[in-house]
Amino acid sequence: MPSVVIVGGGVGGLACALALQRKGTHVRVVERAQPPSGVGILLVTRRTVERLGLTDVGAVGLFDTVVLETGATQKRTLRFHKPFVVLRRDALVTKLEETLTTPVTRAREWTLGTEGVSVSTSDDDHELLCADLVVGADGVHSRVRDALAN
């Protein structure tokens, strides 16, 4: 069975992990941050929610138009040809984490090396995660991408 380590436990990393898990891949997710709190929102298609099996996440609403405030007096209206679902980010991340068979590893620090991903969860607890593939889902300032580029 192939194995994957995903660095980044946000919505993208967790959705990737769930999709791979459903295909029979052994997946480990590493995340430095604590689970999100507060009410960030995400716009996703209804089909995406259904394909991930997350129809019970608790959608805020179903819309085909959104108004963005781009400045103090500027507004921009976006219209979509298919309705999208507005979800609370914290609820979606929590549901994705609960759906995975292996819990997310909350790392204090991690490094990517030639042997795998070295994870530290405390001063005394270190683990080397070896996998067939490492996925960088750690955001726009990706440390995984930087490590691979050097």
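Is Lys82 buried or exposed? I would like to start from that residue, and I should say straight away that what we are looking at is a predicted model. Lys82 counts as exposed, because its relative accessibility comes to 58%, and the cut-off for calling a residue exposed is over 50%. As for where Lys82 sits along the chain, it belongs to strand 5, which covers residues 75-88. On the surface, Lys82 gathers with Lys23, Arg47 and Arg51 in a patch of positive charge.

Let me now step back from that patch to the chain that carries it. The secondary structure amounts to four helices and 10 strands, and if you follow the elements from the N terminus on, you read them in the order β-α-β-β-α-β-β-α-β-β-β-β-β-α. Taken along the principal axes, the box filled by the C-alpha atoms is roughly 50 × 35 × 25 Å.

On the contacts, if we consider those in the chain with a separation of 6 or more, 58% of them are between residues that lie 24 or more positions apart. Of the 150 residues in the chain, 32% are buried, while the area that the chain exposes is about 9500 Å², with carbon and sulfur atoms supplying 52% of that area.

Finally, let me come back to charge, this time for the chain as a whole. There are 18 positive and 17 negative charges, and the mean positions of these two sets are 11 Å apart. The patch I began with, made up of Lys23, Arg47, Arg51 and Lys82, is one of positive charge on the surface, and that is where I will stop.

Note on methods:
Residues are numbered from 1 along each chain as its sequence is written. This is a predicted model: local features need pLDDT of at least 70, side-chain atom pairs count only at pLDDT 80 or more; totals for chains, interfaces and linings use all residues. Side-chain values use heavy atoms; hydrogens and water are left out. Patches are made of residues with over 30% relative accessible area and no salt bridge: like charges are joined within 9 Å, nonpolar side chains (Val, Leu, Ile, Met, Phe, Trp, Tyr) within 5 Å. Accessible areas come from the Shrake-Rupley method with a 1.4 Å probe; for residues, only the protein chains shown count as cover. A salt bridge is a side-chain nitrogen of Lys or Arg within 4 Å of a carboxyl oxygen of Asp or Glu. Lys and Arg count as positive and Asp and Glu as negative; His and the chain ends are not counted. The place of a charge is taken as NZ of Lys, CZ of Arg, CG of Asp or CD of Glu. Helices (H or I, at least four residues) and strands (E, at least two) are DSSP runs, numbered from the N terminus. Buried means under 20% relative accessible area, exposed over 50%, partly exposed in between (1.4 Å probe, protein chains only). Contact means heavy atoms within 4.5 Å.
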